[in-house]
Amino acid sequence: MSNSAIERAAAATPPKLARRVRGLSDRAIAWIFVAPTIFLLLAVNIFPLIWTIRLSFTNYRVNRPNAEVEWVGLRNYQRILTDEDIWQTMQATAHFLIWTIVLQVLIGFALAWLINKKFRGDNFWTTIIVLPMMLSPAVVGNFWTFLYQPQIGLFNYVVSFFSGVDPSSFSMIGEVSLAPWAIVIVDTWMWTPFVMLICLAGLRSIPTSIYEAAECDRASPWRQFWTITVPMVLPFLMLAVLFRGIENFKMFDLVVQLTGGGPGSTTELTSINLKREAFEKWRTGYASAYAIILFVTVFGLASIYVKALNKVKER
Amino acid sequence: MSLPSLDPETTPADRPAPRFFRRGPWEMAASILIGLGVVMMMQPFVMVAFTYSFIVTLTGTVMFLIVSHFPE
């Protein structure tokens with residue numbers, strides 16, 4: 001059937017074109033197949049990047065298309081890197097990034113380790129644990145806003161139940177000292193299952209024969225954990241950290257829904273700040289320079305991380 | 001120190017790279033620069049470190065891109 005379809009397609013090809021295609025080398029045919037993807041990549045990724053670099057050296061404002069665009073050199077970069085508010089957002093981002101990754105890795109690995117211990121209903125519990133990851137960040141942000149309400153929120157009542165503190169005496173998203181932790185808790189709740197799934201894949205890829213050999217050598221469970229489990233899951237864990245690190249560096253929707261960057265600018269992460277500069281203040285040139293700074297940072301970090309990941313895999 | 005082989009059949013790819021252009025130490029130096037730049041950018045203590053963080057990260061990243069093409 002498929003042969004006849006091929007024959008029909010071949011018969012339908014005009015003889016002139018067929019002759020031309022028959023004369024092409026394998027390399028040329030490969031280029032013909034790859035060219036559309038390369039073109040798309042250039043149009044969607046490379047061209048906007050080059051255009052952004054160009055804009056970052058100008059005072060261009062997208063809401064004033066007829067205004068004269070001036071070349072300002074490195075002034076945008078200079079202003080960003082001497083701005084205390086931007087320095088503050090970098091610190092807020094670092095706090096969010098470090099704590100979410102630490103908590104997600106620890107809890108995700110612990111959950112994967114438990115789920116891997118084959119018990120009755122383990123598939124059911126895996127599904128339950130994975131549920132938060134399937135929700136939209138906008139929905140999660142909205143319902144955690146209700147959970148964090150000091151008067152009616154469940155979160156405050158749970159804290160009150162365990163600590164005896166009056167539930168209406170604190171507001172997770174309204175207080176400067178608690179709001180950064182509020183966003184860390186929500187992101188950890190939502191994305192720990194992702195880390196758990198990756199760790200679970202790593203744990204299930206370890207052959208049982210290695211553990212059996214360790215048992216024969218009378219290795220304790222503690223020793224087995226540190227010399228077999230951890231080294232063999234490490235590449236998977238590093239991959240999870242890479243994905244979560246890049247995702248959290250550009251975290252936007254969840255935090256906007258939850259705190260809107262407040263109170264004040266306590267939870268204003270770099271992506272929220274960048275969006276304000278680009279689409280509320282309409283400082284396109286300035287925002288482009290800001291985006292390039294973030295891009296170089298993430299690109300540099302990802303490069304050394306991928307190198308480390310390859311080294312761990314080679315071991 | 002071993003000298004490069006004078007065998008006429010040895011291709012340029014077979015010959016050991018000059019010691020100066022070995023990838024390992026250069027990649028390590030570039031990684032340290034990137035790491036230092038990121039720490040400078042996100043630390044909460046010294047504003048001047050934040051100001052110079054980008055140039056350090058950029059130098060490290062460009063250096064990493066170049067030296068990752070050096071031979072092992």
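**Exercise 1. Find the loop that holds A:Trp282, then work out what sets its backbone apart and whether it counts as buried, exposed or partly exposed.**

Start with the location: A:Trp282 sits in the loop between helix 13 and helix 14 of chain A. Keep in mind that this is a predicted model.

Now the backbone. Phi of A:Trp282 is near 55°, a positive value in a residue other than glycine. Most residues other than glycine have a negative phi.

Last, the surroundings. A:Trp282 has 14 C-beta neighbours inside 10 Å. A buried residue needs 20 or more, and an exposed one has 12 or fewer, so A:Trp282 counts as partly exposed.

**Exercise 2. Do the same for A:Arg218, and look at the helix just before it.**

Place it: A:Arg218 is in the loop between helix 10 and helix 11 of chain A, just after helix 10.

Check phi: A:Arg218 isn't a glycine, yet its phi is positive, at about 60°.

Count neighbours: 7 other C-beta atoms lie within 10 Å of A:Arg218, so it is exposed.

Then step back to helix 10 (residues 208-216) of chain A. Of its 9 residues, the number buried is 0, so helix 10 of chain A lies largely in the open.

**Exercise 3. Which residues does the cis peptide bond join, and where is the proline?**

The bond is the one between A:Gly262 and A:Pro263, with omega at about -5°. A:Pro263 belongs to the loop between helix 12 (253-258) and helix 13 (270-279) of chain A.

**Exercise 4. Classify the packing of helix 11 against helix 14 in chain A, and say what the contact is made of.**

Take the geometry first: helix 11 (residues 221-249) of chain A packs on helix 14 of chain A at an angle of about 170°, and their axes are 9 Å apart. The cut-off for roughly antiparallel is over 145 degrees, so these two helices of chain A, 11 and 14, are roughly antiparallel.

Next, the residues. Helix 11 of chain A contributes A:Leu234, A:Pro235, A:Met238, A:Leu239, A:Leu242, A:Ile246 and A:Phe249. Across from them, helix 14 of chain A offers A:Val298, A:Ala302, A:Tyr305, A:Ala308, A:Leu309, A:Val312 and A:Lys313.

Sort them by class and you get 13 nonpolar, no polar and 1 charged residues.

**Exercise 5. Now classify helix 5 against helix 9 in chain A.**

The axes of helix 5 and helix 9 (residues 179-204) of chain A come within 6 Å and cross at roughly 40°. That makes helix 5 of chain A oblique to helix 9 of chain A. As for the hand, helix 5 of chain A passes helix 9 of chain A in a right-handed crossing. The contact between them has 20 nonpolar, 6 polar and 1 charged residues.

**Exercise 6. How many residues of chain A touch chain B, and which elements of chain A give two or more of them?**

17 residues of chain A are in contact with 18 residues of chain B. On the chain A side, the elements giving two or more residues are helix 5 (84-115) and helix 14 (284-314) of chain A. Helix 14 of chain A supplies the largest share, 9 residues. By class, this side of chain A divides into 10 nonpolar, 5 polar and 2 charged residues.

**Exercise 7. Where in chain A is confidence lowest, and where is it highest?**

Overall, chain A averages a pLDDT of 90, and 99% of its residues score at least 70. Confidence is lowest in helix 2 (residues 15-22) of chain A, at a mean of 73. The highest value, 95, goes to helix 4 (residues 75-80) of chain A.

Key
Residues are numbered from 1 along each chain as its sequence is written. Chains are lettered from A and ligands numbered from 1 in the order in which they are written. This is a predicted model: local features need pLDDT of at least 70, side-chain atom pairs count only at pLDDT 80 or more; totals for chains, interfaces and linings use all residues. pLDDT is the predictor's confidence in each residue, from 0 to 100. Helices (H or I, at least four residues) and strands (E, at least two) are DSSP runs, numbered from the N terminus. Two residues are in contact if their C-beta atoms, placed from the backbone, lie within 7 Å. Ala, Val, Leu, Ile, Met, Phe, Trp, Tyr, Cys and Pro count as nonpolar, Asp, Glu, Lys and Arg as charged, and the others, Gly among them, as polar. Axes are lines fitted to C-alpha atoms, for helices over the stretch in contact, and angles run from 0 to 180 degrees between N-to-C directions. Angles under 35 degrees count as roughly parallel, over 145 as roughly antiparallel, 65 to 115 as roughly perpendicular and the rest as oblique. A crossing is left-handed if the near helix is turned anticlockwise from the far one by less than a right angle, and right-handed if clockwise.
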